[in-house]
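Me: Could you take a close look at the cysteines in this model with me? I would like to know which of them are bonded, and why others are not.

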Amino acid sequence: MVCTTDCVEKPIRFCLERVGKFIGLHPWWFIIVPLALAASLGWGFCFLEDRKSNDIVQQFTPIDGRAKTEKHFYKAFFPSNKEEFSSLRLNTDGVYGSLIFISETDVLSVGALEEILHIDATVKGISIRHGEEEFAYSDVCAKVNQHCHPNSLLEILDYNANNITVVNLTFPVHHHFRMGRVPLEHLLGQVDVDSNTVVQSARAVRLFYYLQEVNDTLEDAWLNEFVHLLTSVTTNVTQVSYFTSLSRQQEFEKSTKSVTHLFAITYFIAILFSVLSCIRLDNVRNKMWVAGLGVISTSLAVLSSFGFLLILNVPFVITVASSPFLILGIGIDDMFIMISCWQQTNVHDSVEDRMAATYREAAISITITTLTDVLAFFLSYSNPFRSVQSFCLYAGTAILFCYLYNITFFGACLALNGKREEGNRHWLTCMKLPEDCPPGASTAYIACCVGGAYNRESGTEEEHLMQKFFRKHYGPLLTTFWAKAMVIILYVVYVSISIYGCTTIKEGIDLKNLAVDQSYIVRYYEDEKEYFGHYGPNVMLAVNGTFPYWENVERKHLEYCIDKFQKLPFVRNQSPSWLHSFEHYAKEKSINISSDVEFKKHLETFLGEHPMLRSDVSITNDSIDASRIFLQTANVPSEKIMLESLRKTADDCQISLVVYHPAFIYYDQYAVIMNNTIQTVCVATLVMLVISLILIPNPVCALWVAFTIALVIVGVAGFMALLGINLDSISMINLIISIGFSVDFSAHISYTFVSSTKPSVNEKVVDALSHLGFPILQGALSTIVGVVVLSASVSYIFRTFFTIMSLVILFGLLHGITFIPVFLTFSQFCST
């Protein structure tokens, strides 16, 4: 006995059959109302500029990232000291401009340094006008001892290039008679030193120009002028790249603009493809107008859904800009299914009866794909990245509207076209035509003025050449023993490569990929990675809460914990801490600091003499609430390993410790991206299985659909990794998309296979492929057409979208018309 699950499927078919008949009787209402709805909701685009939300930290880092909490802790206990600026102690990225100078030989040669000093003087000479006043660099720079924060390397050379021949620079730390201990690891790149750590040569020098964080308008104006100046700077001895704290955000926002002009091209290509794929040489059965209106139906869905969400004040993130390309493909896919079902109806039936039959046959296929796509997106709204949330909400809502307009607006267009066909009228002129060729008619007359042919045996429209190919050639070939064997071998190879690829996945977004290709920050990031990638960040390590620093036993416990940090393979050393400096101070002064009162009394005196260290100790009402030290990292194996190791070491310590660096806000994605992606995919796949079990009237075939989802996702993830694409919030979106698309192709074939009345499984497969093989191929090609222009984008975000979508479509198509049909022939229980 065959188990079926048609208790839900039958009522849906019945309801949509009635809907189709009603639309066939009253098509104009379903033209006017959707157009009016789209026009009214499209008004929401007036709010687009106000709803744009492209802040990188807000959109591309985890909402509840641990580093964001740690940042609040450091801001509360260690606020920035505007009088004694220290870049080491910044709780944020700061406000700054930066330059990297590179030389093919030695950047510390006199000629190179003279060029560096010249550009340094030019930068410091930047002046900006704000209101009626003019401001120089000295008016906006961050201050140390009432002077602009210096570039230590140039200070050591006393701003004289010739001094490089007499100053023995030591690396990574130089001890200067006036400045004291000067770390150089982030200022000099690819350094050669002798046995005494004296610098012999270097390939790169980095300079920073930090500004006060007082007046955003003034600081932004100076940074913009900095970029403007550097775009026109020419160098002879060195090559220079530049960056500002504004650059990442400004260049990121250019990505959206880089694809705006592609929308018109995409819709033109989509209409052209749809029209060409629906052309019939018969002057009556031609579906050109229907195909064009199908693309318009999808456009109405995008207009309505986006406008609706913009009215509801939903943020519009750059990732959403790629969704119209996707929606276009999905809408056209459903359109091809409906046209194919229409062509299977009897041409002698009334339009309303043909519409009822069309909706009865297409109902479950397009309902399954809509439900799975929408649920895949809406379930993923729980994602910790706002960029993913925004995309999922916009895309899911657009697919719902796409379904609504395909059922109503496009269905009405199909009905009106059916009335034209019923009257045997020309597709262009609407003139009534003879079905048969009059005697003695010319070839031109036959080509232009005769139409309405159909299959006299079945009463349906004449079979398309591609449908005939699937029925007579491809289907029978695929059901042969040797073809099945080749398909299984191909599948094993596909799965093996995919699994191998999954083992090589790298996590996290490279920030340079948020900018367009030709952006100046791309070169800066590349130079930074190549010449300064050896040394990682100076990580802050804070004691959270009151702690008896004056007790020797407790200090030893603290030193033990710090020692565990220093034993980590990527922690190079501990920067001089306030506690060690204070202990040394007490020893030199022969001061007793072993009691609460004495410790605090002498600490106040000590901090008064060392104002820079004062910002490392938070004192309230004579109580030390928190204190911090710094750990220099180097040879970091990966940001994820560093972050997890530092946090685990802190958590394992009996003392409450907090590790932090501003970059950790970006690194937090490594802590959640993999687990969250796996969780999202598993939950969505399980839901897809439930939907398939409910709507496909055979549990075994529904299981094949769920199996397809899993293997398509594995394939996309594996090949994505092999193509060098990281798992990040952008590629995560595409993996979510692959859930829906993998259902689309397999569900169409599985449902048609189950519904077939043919006696054997091989005949069922051939029947399913002859009915839906071509529409599925059309749908796949239409989706590729929808995103192909993104391959020409100058933005990594949109090119990645195209690459992964191509993988999704390719693997989904392979499963839909090759793998699943073969596997279904092994499922004898799929017979109904």
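**The cysteines, bonded and free**

Reply: Happy to! Let's begin with Cys-141, which is buried, with a relative accessible area of 0%. This is a predicted model, so please read each value as computed from predicted positions. The partner of Cys-141 is Cys-148, and their sulfur atoms lie 1.9 Å apart in a disulfide. Cys-148 is partly exposed, at 23% relative accessibility. The link between Cys-141 and Cys-148 is left-handed, with -75 degrees about the S-S bond.

The structure holds two disulfides, so let's visit the other pair. Here Cys-561 is joined to Cys-653, S to S 1.8 Å. This link is right-handed, with 85 degrees about the S-S bond. The pair connects distant parts of the chain, 92 residues apart: Cys-561 sits in helix 20 (residues 552-566), while Cys-653 is in the loop between helix 24 (639-652) and strand 15 (657-660). Cys-561 counts as buried at 6% relative accessibility, and Cys-653 counts as buried at 9%.

Now for cysteines without such a bond. For Cys-392, the closest cysteine sulfur is in Cys-682, and because that is 16 Å away, it is too far for a bond. Cys-392 is buried, at 1% relative accessibility. Cys-502 also has its closest cysteine sulfur in Cys-682, at 12 Å, which is again too far for a bond. Unlike a buried residue, Cys-502 is partly exposed, with a relative accessible area of 28%.

Key: Residues numbered from 1 in each chain as written. Predicted model: local features only at pLDDT ≥ 70, side-chain atom pairs only at ≥ 80, totals over all residues. Heavy atoms only, no water. Disulfide = S-S within 2.5 Å. Buried < 20%, exposed > 50% of the residue type's maximum accessible area, 1.4 Å probe, protein only. Helix = DSSP H or I, 4+ residues; strand = E, 2+ residues; numbered from the N terminus.
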